[in-house]
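Trainee: Could we go through this structure together? I would like to learn how the labels are earned.

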Amino acid sequence: MSTIKNHVQLIGNVGQEPTITNLESGKKVARFSLATNENYKDSKGEKQTDTNWHTVVAWGKTAEIIEKYVNKGKEVGLVGKLKTRTYEAEDGNQRYVTEVEANEILLMGTK
């Protein structure tokens with residue numbers, strides 16, 4: 001059961017061009033937003049879509065794949081885990097950010 005702790009699987013569309021950062025260590029990190037859609041019918045029988053946005057971070061080889069093959073609008077599947085980090089904002093308040101750290105990425109659809 002330990003393999004399903006903090007496990008995330010998402011399929012969605014990339015919302016913006018991925019940002020690639022080359023670190024001094026030589027490692028790469030990729031960041032992008034991912035939109036996932038849930039479709040349902042409301043009480044009147046009309047189709048509705050609920051869109052959720054996720055911030056995705058990927059390191060190393062996964063970041064290199066994203067740099068080469070992923071762009072805005074591309075449908076991707078990913079497997080990873082949730083990571084929460086804190087930082088101090090300009091106003092001095094502490095902020096929390098939860099991101100999906102992608103370990104694997106699946107390129108979907110046509111090019």
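**Strands, core and surface**

Mentor: Gladly! This is a predicted model, and a good place to begin is Val 14, which stands opposite Leu 34 in β3.

Trainee: What makes β1 and β3 a pair?

Mentor: Two strands pair if there are at least two bridges between them. β1 and β3 have 2 bridges, in the antiparallel sense, so they meet that cut-off.

Trainee: And how do you know that β1 and β5 pair?

Mentor: By the bridges again: β1 and β5 have 6, also running in the antiparallel sense. Val 8, for example, stands opposite Gly 80 in β5.

Trainee: Leu 34 is listed for the largest nonpolar core too. Why is this called a nonpolar core?

Mentor: Because its members are buried nonpolar residues joined through side-chain atoms within 4.5 Å. This core has 16 residues, and Phe 32, Leu 34, Val 56, Ile 66 and Leu 78 have the most contacts inside it. Elements that each supply at least two residues include β1, β3 and α1.

Trainee: Which residues is Ile 66 in contact with, beyond its neighbours within four places in sequence?

Mentor: Those are Pro 18, Ala 30, Phe 32, Ala 58 and Ile 105.

Trainee: Now Tyr 69, in helix α1. Why is Tyr 69 called partly exposed?

Mentor: Its relative accessible area is 48%. Buried means under 20% and exposed means over 50%, so Tyr 69, at 48%, falls in between and is partly exposed.

Trainee: What does Tyr 69 form with Ile 65 and Leu 107?

Mentor: A nonpolar patch on the surface, with about 260 Å² of accessible area together.

Notes: Residues numbered from 1 in each chain as written. Predicted model: local features only at pLDDT ≥ 70, side-chain atom pairs only at ≥ 80, totals over all residues. Heavy atoms only, no water. Buried < 20%, exposed > 50% of the residue type's maximum accessible area, 1.4 Å probe, protein only. Helix = DSSP H or I, 4+ residues; strand = E, 2+ residues; numbered from the N terminus. Contact = heavy atoms within 4.5 Å. Patch = residues over 30% accessible without salt bridge, like charges linked within 9 Å, V, L, I, M, F, W, Y side chains within 5 Å. Areas by Shrake-Rupley, 256 points an atom, 1.4 Å probe, with all protein chains shown as cover. Salt bridge = Lys/Arg side-chain N within 4 Å of Asp/Glu carboxyl O.
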